[in-house]
Each structure stands twice: as C-alpha cells, then as structure tokens.
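Dear colleague,

I am handing over the structure we spoke about, and it follows directly below. After it I have set down what was found, topic by topic, so that you can follow each point in your own viewer.

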Amino acid sequence: MDQLDKFDKAIIAALRENARQSISHMSEAVSLSRSAVSERIKKLEHTGIIRGYQVLLSESQKEGVSAYFEIQHKCPRCADVVHVFHAIPEVITCRGITGDMDLLVYVRAPSMKRLHEIREFIDAQTDIIKIKTHVVMSEWIDNRGE
C-alpha cells in the first residue's frame, strides 16, 4: 500500500465502504473524473492490489456454526503444530497470539456435531495442551475484506 498515492487509497477506502457504489459517486468523493477512477480501479485490479470483491454475510444468515478455538501447545514454535490445522478443511484462519494461549483458530463448520468432532480431533493431538472454544452467536461488524 506504500506505493499508492492518496487517490488510490481514497478509491480503495470507498470500495471497502461500498464496492457497489457507482463510479460517478466515487469520482465525486475522491475528486477525480469518472474515467480516471475507472482506469485506477482497473490498474489496481490488474496489479493484484485489488484481488476481488466478495459478499460477506452476517453470522445469522450463514448456514452452520462458527467458533474460535484458543489453543495452547507444547511445541517449541507455533509453526511446528500448524500442520494439525492444515488437515482440517473447515479452518478459516490460524493465527499466533500473545498471552496464555498460543494460537487463535477460526473454524466454520456445517453443524454443531462437526464442530464438536473438530474440537475432539484437535484435543486428541499429543502436542495440544489446552483448548478453549468460543462459539460465535452473533456478528455485528466484519471489515476483513480479505
């Protein structure tokens, strides 16, 4: 993002706010012509800075269940235990965190039964010391846009 000028950054911010807004509306917001905004968007897409657009549903509209697992392990490095999570297709993210726990794993499963199976699988791994489960009940904000 450092190589982007203020106009590119403003366009990206506008798209993050509402990717379906018109080029005309964006051009007014960023003080550029419609053709300049269109060309910049095409360039941002072509260079891979904008990788795509997506629909993000609220948790209440999704099928299935999602949860965060806080994981504590006994490996010297988090990277040594990550293979466990690569083996689970329902894992969305796996991140190293600070504090008492080592990893924060986000999982989206088709059912509570499957979520329980995933938790049992993780808990059965010899390198896992502790697992805490936080089931997502509601979602109000998701600005990931990843």
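**A nonpolar patch at the surface**

M137 is found in the segment that comes after strand β4, which spans 128-135. Please keep in mind throughout that this is a predicted model. With a relative accessibility of 72%, M137 counts as exposed, and together with M112 and V135 this residue makes a nonpolar surface patch of about 330 Å².

**The aromatic pair**

How many aromatic pairs does the rule give? The count comes to one. The pair consists of Y68 and Y106, whose ring centres are 4.7 Å apart and whose planes stand at 35°, so the pair is classed as tilted, since stacked would need planes under 30 degrees apart and edge-to-face would need over 60. Because Y68 lies in strand β1 (residues 65-73) and Y106 in strand β3 (residues 103-109), the pair ties together parts that are 38 residues apart in sequence. As for their surroundings, Y68 is partly exposed, with a relative accessible area of 34%, whereas Y106 counts as buried, at 3% relative accessibility.

**Cysteines**

A search of the whole structure finds zero disulfides. Why is there no bond between C75 and the closest cysteine sulfur, in C78? The two sulfurs are 8.6 Å apart, which is too far for a bond, given that a disulfide calls for sulfur atoms within 2.5 Å. C94 is likewise in no disulfide, and the cysteine sulfur nearest to that of C94, again the one in C78, is 7.8 Å away. In terms of exposure, C75 counts as buried at 13% relative accessibility, while C94, at 29%, counts as partly exposed.

**Helix α2**

Which residues of helix α2 (residues 23-30) are buried? They are M26, S27 and V30. These three residues cover an arc of only 100° around the axis, which means that they sit on the same side of α2. On the other side of α2, E28 and A29 are exposed.

If you go through the model yourself, the patch around M137, the pair of Y68 and Y106, the cysteines C75 and C94 and the two sides of α2 are the places to which the notes above refer.

With best regards

Key
Residues are numbered from 1 along each chain as its sequence is written. This is a predicted model: local features need pLDDT of at least 70, side-chain atom pairs count only at pLDDT 80 or more; totals for chains, interfaces and linings use all residues. Side-chain values use heavy atoms; hydrogens and water are left out. Patches are made of residues with over 30% relative accessible area and no salt bridge: like charges are joined within 9 Å, nonpolar side chains (Val, Leu, Ile, Met, Phe, Trp, Tyr) within 5 Å. Accessible areas come from the Shrake-Rupley method with a 1.4 Å probe; for residues, only the protein chains shown count as cover. A salt bridge is a side-chain nitrogen of Lys or Arg within 4 Å of a carboxyl oxygen of Asp or Glu. Helices (H or I, at least four residues) and strands (E, at least two) are DSSP runs, numbered from the N terminus. Buried means under 20% relative accessible area, exposed over 50%, partly exposed in between (1.4 Å probe, protein chains only). Rings of Phe, Tyr and Trp (its six-membered ring) pair if their centres lie within 6.5 Å; planes under 30 degrees apart count as stacked, over 60 as edge-to-face and the rest as tilted. The arc is that of the directions from the helix axis to the C-beta atoms.
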